[in-house]
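Student: I would like a close look at one part of this model, namely its charged side chains and how they pair. Please take the salt bridges one by one and then add what surrounds them.

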Amino acid sequence: MYVYLVLFAVLSYLVCIKCIYNRQWHALRSSLKRTFNVSSERKTVGADVRALVVTAHPDDECMFFAPTIIRLVELNASVHLLCLSEGNYYHQGSQRREELLKSCAVLGIPASRVTIINHEKLPDDPKAEWSVSLVSSAVLRLITDRSILLFQVLTFDGRGVSGHANHVAIYKAVRHLASTGELPKECVLLALETIGLLRKYTSFLDLPFSWFLPSHLHCVVGPKGYKQAKAAMLCHRSQLLWFRYLYITFSRYMFTNTFQVVPQGPKNLKIY
């Protein structure tokens, strides 16, 4: 009897995941329209969107943001990437720059939309405290350089997914921008949710939890999208230590991303 109950529960869970895959296109379009306050009568929204993904290091774009980038590109959104360092912690900066461009090409971002910053005050170092004002200036400069209709900035949340200090610094900079009023009114700031360790490494099995818990933007990829994300990860040859392969296999960030809106308005932030 218990065997049948377990089997029924497993099958029901897999059916739920299948239903999520079937509904994810409609859900993504709906969440984009809701996020940007676009009329529900419009059939398309992707072509109107310019998305800026802000990362700290080469490989962040595919380790953490691949499902979002893949889906936005498929919706014909104009996706841009700002990487705030070359990833030169082990003196591999030039190699990692090339790996990043290859990864972005696999994900659908042309080199002309990739900006890589190599600044001595923004070192790839988990112990370094990046300047909030310097990072926010770099983000704002890239936003204002582009003529936009709708724009979203996607980056890490306050825990930085992996807890890396450079990731957290980007979130602080984005929060600072949200408090200054300098951003265009069309700009929406979205932070990638950090989840607990158990959920983080349950691969596609985390989809129902991610789907039903509240979020402002939810991006899901199926087997084809996962293969694309994996191919992008494999472009970062210099980073492919044994635990990276475990990450590729088990991380839910290879299958789904959930974002929360960063509220815009006055905040008392300490600027360094």
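Tutor: What follows goes through the charged pairs, then a charged residue without a partner, and then the strands, a helix and the cysteines.

The model is a predicted one. Side chains of opposite charge can pair when their charged atoms come close. The structure holds 7 salt bridges, and three of them are described here.

Take R244 and D59, which form a salt bridge with their closest N and O atoms 3.7 Å apart. This pair links distant parts of the chain, with R244 in helix 11 (residues 242-250) and D59 in the loop between strand 1 and helix 2 (60-63), 185 residues apart. R244 counts as buried because its relative accessibility is 18%, under the 20% limit for that label. D59, at 5% relative accessibility, also counts as buried.

Next come D124 and R96, a salt bridge in which the closest N and O atoms are 3.6 Å apart. D124 sits in the loop between strand 3 (114-116) and helix 5 (132-144), R96 sits in helix 4, and 28 residues separate them. D124 has a relative accessibility of 12% and so counts as buried. R96 is buried as well, with a relative accessible area of 5%. The two pairs belong together, as D59, R96, D124 and R244 are linked in a network of salt bridges.

R97 also forms a salt bridge, with E86, the closest N and O atoms being 2.8 Å apart. Here E86 lies in the loop between strand 2 and helix 4 (93-107), while R97 lies in helix 4, 11 residues away. E86 counts as buried at 13% relative accessibility, whereas R97, at 27%, counts as partly exposed.

D157 is a case without such a partner. D157 lies in the loop between strand 4 (150-156) and helix 6 (160-163). D157 is buried yet has no salt bridge, and the nearest side chain of opposite charge, that of R159, is 4.8 Å away. Because a salt bridge requires the nitrogen and the carboxyl oxygen to be within 4 Å, that distance of 4.8 Å does not qualify. The side chain of D157 does make a polar contact with the side chain of T194, at 2.6 Å. Leaving aside neighbours within four places in sequence, D157 is in contact with Y171, A191, L192, E193 and T194.

Now the elements named along the way. Strand 1 (residues 49-55) is mostly covered, with 6 of its 7 residues buried. Strand 1 pairs with strand 2 (residues 78-83) in the parallel sense over 6 bridges, and the bridge partner of L52 in strand 2 is H80. Helix 3 (residues 66-74) is largely enclosed by the rest of the structure, because 7 of its 9 residues are buried. Those buried in helix 3 are A66, P67, T68, I69, I70, R71 and L72. N76 follows helix 3 and has a positive phi, near 70°.

The cysteines complete the picture. The count of disulfides is 0. C83 is in no disulfide, and the nearest cysteine sulfur, that of C104, is 8.3 Å away. C83 has 0% relative accessibility and therefore counts as buried. The sulfur of C219 is 16 Å from the closest cysteine sulfur, in C62, which is too far for a bond. C219 likewise counts as buried, at 1% relative accessibility.

Conventions: Residues numbered from 1 in each chain as written. Predicted model: local features only at pLDDT ≥ 70, side-chain atom pairs only at ≥ 80, totals over all residues. Heavy atoms only, no water. Helix = DSSP H or I, 4+ residues; strand = E, 2+ residues; numbered from the N terminus. Buried < 20%, exposed > 50% of the residue type's maximum accessible area, 1.4 Å probe, protein only. Lys, Arg positive; Asp, Glu negative; His and termini not counted. Polar contact = N/O pair within 3.5 Å; in protein donor to acceptor, adjacent residues only side chain to side chain. Contact = heavy atoms within 4.5 Å. Pairing = 2+ DSSP bridges. Disulfide = S-S within 2.5 Å.
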